[in-house]
Amino acid sequence: MIRSRIVSCGGYLPEKVVTNEDLEKIVDTTADWIEQRTGIKQRHIAQDDETTVSLAVKASKIALENANLSAEDIDMVIVGTTTPDMTFPSCAALIQRELGVKPGKIAFDVQAVCSGFVFALTTANSFIATGQAKRALVIGAETLSRIIDWDDRTTCVLFGDGAGAVIIEACEGEGTIDDTGILSTHLHTEGQLADILCASGGVSTSGEAGFITMEGKEVFKHAVTRLADVVDETLEHNGITKEDIDWLVPHQANSRIIEATMRKLDLQSDQVIITVQNHGNTSAASIPLALYEGYKNNAFKKGELLLLEAMGGGLTWGACLVRW
Ligand code: ACO
């Protein structure tokens, strides 16, 4: 059986940092409110000359270097993003050109907002499992600051910009839970809840990207329940218990949502990657940035089980179980 294993990670955050104290000066909020309700202390914001693609290219170069590979070794690029540089072509096509991935290889974007990386990783894994690709660059990259209404205190304090990249490649497995690599993936969407978290515009409606609007409390409630459900689904599908999970690598939206999943799994804080304090909610970039954090600190040991999970606009949610 063909499995996909993670061979390296990379990440990049723009240099410009906006702290909670900085936000106190532009909207009616306090640094304490933001930190207590969300865990966020600061976020990184792209400069005018930085874009989703430029952040993604920086993260990808780090992932390639860490794997000791060149762009020519990649035969697939998938980008999870909601904030593309252009309506078309895709960010993936632009990144292919910028990095020098060979012409004719596969490159496209997937759009599942904050679940974008889980959806992109699942897609890349399927291409590898069916022999259509051997080595994929899977990216989550966003410049959410471009769709933030900086006068809206209920959303502008939550989001930030960034990019993370992961290289996965085909490896032989036995088809058992002991295999290395991606063991299972679980994706869900409920368009019936589209309106509780969305952007207020679009190409075919207003002709503009619009701004993020969110019914925060509703989204929070759904996040906690949907993530609990998908964790159960993943454990059950693989015939394992919560004690088997070594690491939770969650989407970084709100530390209180992360803590709810942590409690459900009876995990200690040193078994959970939490980076939300440093960069806020970077949407599709947050899981690969969290993976990069664990990777560069050598946190994950060979054979350990990682549970990746996310929930975002759509609503979309999902999980991936990975043996390191
Ligand atoms: N500063 C100060 N007060 C504020 C702020 C702010 N920045 N924002 C809201 N408030 C006020 C509200 O107006 C409200 O005041 P009121 O009681 O007088 O009406 C009060 O604080 C409480 O507001 P709530 O919305 O009830 O606060 P809550 O505890 O729910 O926290 C939050 C809000 C942080 C947004 C939370 O609901 C949340 O994290 N939701 C989920 C977000 C998420 O996970 N998104 C994931 C996907 S994002 C994506 O896909 C792009």
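Mentor: A disulfide is a pair of cysteine sulfur atoms within 2.5 Å. Keep that cut-off in mind, and keep in mind too that this is a predicted model.

Trainee: How many disulfides does the structure hold?

Mentor: Zero. Take Cys156: the closest cysteine sulfur belongs to Cys114 and is 16 Å away, so the pair is too far apart for a bond.

Trainee: Are Cys156 and Cys114 buried or exposed?

Mentor: Cys156 is buried, with a relative accessible area of 0%. Cys114 is buried as well, at 7%. Cys114 also turns up in the ligand shell, as one of the residues that come nearest to the ligand.

Trainee: Let's go there, then. Which residues come nearest to the ligand?

Mentor: There are 26 residues around the ligand, and those that come nearest are Thr29, Arg37, Cys114, Arg153 and Asn254. For polar atoms, look at the distances between N or O atoms. The side chain of Thr29 has an N or O atom 2.6 Å from a ligand nitrogen. For the side chain of Trp33, the distance to a ligand nitrogen is 3.5 Å. Lys217 has a side-chain N or O atom 2.9 Å from an oxygen atom of the ligand.

Trainee: How much of the ligand's accessible area does the protein cover?

Mentor: On its own the ligand has 1000 Å² of accessible area, and the protein covers 75% of that. The elements giving two or more residues to the shell are helix 2 (31-38), helix 6 (153-156), helix 7, helix 8 and strand 12. Helix 7 gives the most, with four residues.

Trainee: On to cores. What's the general idea?

Mentor: In soluble globular proteins, nonpolar side chains tend to be buried together. Here the largest nonpolar core has 41 residues, and the ones touching the most other members are Ile212, Ile245, Leu265, Leu267, Leu307, Met311 and Leu321. Two or more residues each come from helix 7 (216-238), helix 8 (255-264), strand 12 (305-312) and strand 13 (316-323). Helix 7 gives the most to this core too, with six residues. Apart from this core lies another, of 36 residues, including Ile128, Ala133, Ile168 and Leu306.

Trainee: Which residues does Leu307 touch, leaving out those up to four places away in sequence?

Mentor: Its partners are Val231, Thr234, Ile245, Trp247, Leu248, Val249, Leu265, Ala319, Cys320 and Leu321.

Trainee: What about buried residues with polar side chains?

Mentor: Look at what surrounds them. Ser115 sits in the loop between strand 5 (106-110) and helix 5 (116-129), and its relative accessibility of 0% makes it buried. Its side chain makes a polar contact of 2.8 Å with the side chain of Thr316. Beyond four places in sequence, Ser115 touches Ala310, Met311, Gly312, Thr316 and Trp317. Thr52, in helix 3 (residues 52-67), is buried too, at 1%. Among the residues Thr52 touches are Thr81, Asp85, Cys91 and Glu142.

Trainee: And a buried glycine?

Mentor: Try Gly140 in strand 6 (residues 135-143); its relative accessible area is 0%, so it counts as buried. Gly140 touches Gly80, Phe117, Gly162, Ala163, Gly164, Ala284, Ala285 and Pro288, again leaving out residues up to four places away. The C-alpha atoms of Gly140 and Ile78 are 8.6 Å apart, although 62 residues separate the two along the chain.

Trainee: Pro288 is in helix 10, right? Why is helix 10 said to be largely enclosed?

Mentor: Because nine of its 11 residues (286-296) are buried. Pro288 is one of them, as are Leu289, Tyr292 and Gly294.

Trainee: What comes just after helix 10?

Mentor: Asn298, with a positive phi of about 55°. Asn298 lies in the loop between helix 10 and strand 12 and counts as exposed, at 55% relative accessibility. Asp266 also has a positive phi, near 55°, and is found in the loop between helix 8 and helix 9 (276-279).

Trainee: Last backbone check: where are cis peptide bonds found?

Mentor: Read omega. Between Phe88 and Pro89 the bond is cis, with omega about 0°; Pro89 is in the loop between strand 4 (76-80) and helix 4 (91-99). The bond from Gly314 to Leu315 is cis as well, with omega near -15°. Leu315 belongs to the loop between strand 12 and strand 13.

Technical notes: Residues numbered from 1 in each chain as written. Predicted model: local features only at pLDDT ≥ 70, side-chain atom pairs only at ≥ 80, totals over all residues. Heavy atoms only, no water. Buried < 20%, exposed > 50% of the residue type's maximum accessible area, 1.4 Å probe, protein only. Contact = heavy atoms within 4.5 Å. Polar contact = N/O pair within 3.5 Å; in protein donor to acceptor, adjacent residues only side chain to side chain. Core = buried A, V, L, I, M, F, W, Y, C linked by side-chain atoms within 4.5 Å. Near = heavy atom within 4 Å. Areas by Shrake-Rupley, 256 points an atom, 1.4 Å probe, with all protein chains shown as cover.
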